[in-house]
Amino acid sequence: MRDGTTAQITVQDPEEPRTLGPEATAAAFLLGGIGAGNVSLGSRGELRDWEIFNRPAKGYTLPNTWFAIRACARGADPVTRVLQSPVRAPHVESHGYHQSTAAGLPHFEGSTMLGEYPIVWITFEDPHLPVQVSLEAYTPLIPLNAEDSGLPGAYLTYTISNASHEPVDVSIVGSILNPVGGAEIGQFGHPHVPQGGANCNVRRESDGLAGLYLHSERYTPEDLRYGDLALAAMDDPVTCKPVWRRGSWAHEALEEFWNDFSVDGRLEDLGIDTPSEDGKTDTGSVAVASTLAPGESRDFRFVLAWYFPNRINGWNENARVRRPGRETIRNHYATRFDSSWEVARYLAKHRDRLEHETRAYHDALFQSTMPAFVIDAVASNVAALRSTTCFWLEDGRFLGWEGCFDNEGCCPGTCTHVWNYAQTAAFLFPGLERSMRRTELLDETEPDGKMNFRALKIFESVWDHEAAADGQLGTVMRVYREWRLSGDDSFLRAMWPTVQAALRYAVEYWDTDNDLILDGRQHNTYDIEFYGPNPLTGVFFLGALRSAEEIARYLGDDAAAQRYSAAFAGSAERLDALCWNGEYYEQRLDDVDAYPYQHGTGCLSDQLFAQQMAHLLGLGYLLPRERVRTALESIYRNNYLQDFTDHVNTQRTYVLNDESGLLVCSWPRGGRPRVPFPYSDEVFTGIEYQVATHLIYEGLVDEGLTIVQAVRARHAGVRRNPWNEVECGNHYARSMASWGLLPALSGFACDMARGELTFAPRINAEDFRTFWSTGRAWGTYAQRRDHATGQMEPSVQVLYGDASGVRVRACGREWTL
């Protein structure tokens, strides 16, 4: 299908939402705001991966922390269950499951999970209870409102429905351990705080909120261990057991609690109000009780909030500020709140607005007429933006690792050549994206135009490494993107001098013979250097020149615009002549083995990455249109494998056995180097998404959708987590390339500087609906054929922000909002 036509889906398009059973043990749905840390919800209904302490912590479960229900129908015995389905095999613990896991208590027989980020639902199943039980959980996510999308907390709402013919007494209890000081699991499974103590669990009430405030008297507000948690209910009546019985954390404490709750669904306060001893901490519980009439349903609403404001002032011990008085820095949320209780109060007070705006975003996205797996890919990877991959500091800086190891960040510095791929923040939270551009250009670019592709100088650390050609030139393109999305002229003018310096550096350093072809030593996203003319960096140079031309023309610098235009024309013609082999663009070297880690005649999936970005930015074609399309067809034909059973990969393995995916590179014409570049035989979801996006732009819609469906099939909860696409670390930033699918399929383009929106769907054009966003507003676009008139009827709805005066073009019409 040629560009501009529409496609009818031929790949599988499931109509029903994808639900996950308890066998989906890889599924972990992130709760928590931008730069605020996370706790995840598993498919059994369990809280897991407590990453609220300013570091990754995959696999860390907070002991004694779970919810339970007691239900008693009139005239029947009460039934008490942990609000989880049973622990899944294998059961290989050396001493069995410790009582702090609650594994030995009665659980629900089953559970199903439905996650549509940012909202997740768990439905619990057990025929022995006289009620039906479900859980809804989310942290507010509101595009263009980063503040309220960056809250360190979450709503947990259990909906209980009485399907019986008798009244039912129902109680829900939430228990939580006080982890301040660093809770650890001892050799025999006992929780303790080896370096802590003086922990306090206090009942609090305010503004219709009642629950527990968990803190410590040991640490000063400047200490890295300083912090607190809150678990509260928004309903009456609330009973609390601030502290379970102290001592060895043996079975009697859990038994006393379970019996206390099971008797009448209410909690007896043991009256322990002194801080914990050294090395010890306490568990507390909050319960809500109600009687449900036959047929009645009720929401039991809880708020979980945390506050651990201090982090090291840097990336890690090797890259941080060490000057006395500046060793630590606060998270951005600490500029708004002074405790977790204040966060909980805010969530409770503003719940109606936060819920309405979050659901408006969710519904606008998930009610799209695009295939369900596309929306799944677009929405699920927003989680990376709110994972421990990213952090947001009190000075306003937004920064990100490439990804995260299970217990620490991986590859620091908001790496330009990785974050090149990410589109999510630019479209949803453009202010944060502009913050990254300011860091890259105003703080990390040297006077000669060399850009540090890892932002370490901002933390007074030395970065002695050559520049990354694709990252530096891609940053120039992203400056243009940020301006088009926002229309922020002050931002553009502030970036412009350094943009020009970065381009001058590209010519002076990477173009060794002044012919406007980059042929020098070109460091890139594969963590190696390409030599000679090659499409990856060569096309990025073209995209940067076109971006600079458009910027210069808008700013009235006609001489610079003409200079960049002429350079683009000459470079594009020469690159096309040098690298086109009749099927795709390849690297030109007389001897591919003269340098290690080249690709030579290989068919590189990223060969036209910058062209895909140019489409997203409205820059047009950088190379001949028909050759671009032919190259994309070659990438799909040669690099997409339906089965990996016979694939040889001696590098990292992200796709296995009967799974499908897109290789980073292949050599269909022979000539594989003796030592090809690392990662060439691997599969990166971020590259898959950018290629799929580009295929769609070129009218190869079915091919693009096939790749997307393959990615999401691999992340179905059993083999991999749907909300964590791994590359060099968890929640890898490159995966946020998936957002590009939305503008590609909807034919969406915007220029907020000139106040213009355009829609031209490439799929389901007869009856189409999509979410759209700019730096000023977001909403929905729809078009449908009026069968009475035969005319297409387009409409735009603004759900948030201000788009007044913006001109819309769609279906051959033009109107002003």
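I take a residue as buried when its relative accessible area is under 20%. By that cut-off I entered Cys240 as buried, because its relative accessibility is 5%.

**Entry: the model as a whole**

I worked from a predicted model. I noted a mean pLDDT of 94 for the protein chain, with 97% of its residues reaching 70 or more. I marked residues 1-15 separately, since pLDDT stays under 50 there. For that stretch I recorded 48 contacts beyond four places in sequence.

I counted 17 helices and 39 strands in the protein chain. I then looked up the radius of gyration, which is 28 Å, close to the 28 Å that the globule rule gives for 817 residues. I therefore wrote the chain down as being as compact as a globular protein of that length. Along the principal axes, the C-alpha atoms fill a box of roughly 85 × 75 × 55 Å. Buried residues account for 64% of the 817 residues. I also looked at contacts between residues at least 6 apart in sequence, and 68% of these join residues at least 24 apart.

**Entry: cysteines**

I searched the whole structure for disulfides and found 0. Cys240 is in no disulfide, and the nearest cysteine sulfur, that of Cys200, lies 16 Å away. I next asked how far the sulfur of Cys603 is from the closest cysteine sulfur. The distance is 6.9 Å, to Cys665, which is too far for a bond. I entered Cys603 as buried because its relative accessibility is 0%.

**Entry: the sheet of 8 strands**

I traced an open sheet of 8 strands in the order S6-S7-S8-S9-S18-S15-S14-S13, with antiparallel pairing. Its edge strands are S6 (110-116) and S13 (199-206), each of which pairs on one side only. On average, neighbouring strands of this sheet are turned by 15° against each other, direction ignored. I found helix H3 (residues 351-366) packed on the sheet, where H3 touches S6, S7 (119-125), S8 (131-138), S9 and S18. The direction of H3 makes about 90° with that of S8.

I then examined strand S18. Is S18 mostly covered or uncovered? S18 is mostly covered, with 8 of its 11 residues buried. S9 (residues 153-162) pairs with S18 (residues 297-307) in the antiparallel sense over 9 bridges. Within that pairing I noted Ala154 opposite Leu304, and Tyr158 with Phe300 as its bridge partner. S15 (residues 228-233) also runs antiparallel to S18 and is joined to it by 6 bridges. Here the bridge partner of Leu229 is Trp306 in S18.

**Entry: strand S34 and its partners**

I looked up which residues of S34 (residues 756-759) lie on its covered face. Leu757 and Phe759 form the covered face, whereas Glu756 and Thr758 form the uncovered one. S33 (residues 749-751) runs antiparallel to S34, and 3 bridges join the two strands. One residue pair I recorded there is Ala749 with Thr758. S33 and S34 form a hairpin with 4 residues between them. Gly755, in the turn, has a positive phi of about 70°.

I also checked the pairing of S34 with S38 (residues 807-810), which is in the parallel sense over 4 bridges. In S38, Arg807 is the bridge partner of Glu756.

**Entry: backbone geometry**

I began this search from the general pattern that most residues other than glycine have a negative phi, and that most peptide bonds are trans.

I noted a cis peptide bond between Ala89 and Pro90, with omega about 5°. Pro90 lies in the loop between S5 (79-82) and S6. I noted another cis peptide bond between Tyr117 and Pro118, with omega about 20°. Pro118 is in the loop between S6 and S7.

Which sign does phi have in Asn657? Phi of Asn657 is positive, near 55°, in a residue other than glycine. I located Asn657 in the loop between S30 (640-641) and S31 (661-662). Tyr679 likewise is not a glycine, yet has a positive phi of about 80°. I placed Tyr679 in the loop between S32 (665-666) and helix H15 (685-697). I entered Tyr679 as buried because its relative accessibility is 16%.

Definitions and conventions. Residues numbered from 1 in each chain as written. Predicted model: local features only at pLDDT ≥ 70, side-chain atom pairs only at ≥ 80, totals over all residues. Heavy atoms only, no water. Pairing = 2+ DSSP bridges. Axes fitted to C-alpha atoms, helices over the stretch in contact; angles between N-to-C directions. Contact = heavy atoms within 4.5 Å. Disulfide = S-S within 2.5 Å. Buried < 20%, exposed > 50% of the residue type's maximum accessible area, 1.4 Å probe, protein only. pLDDT = per-residue confidence, 0-100. Rg over C-alpha atoms; globule rule 2.2 N^0.38 Å.
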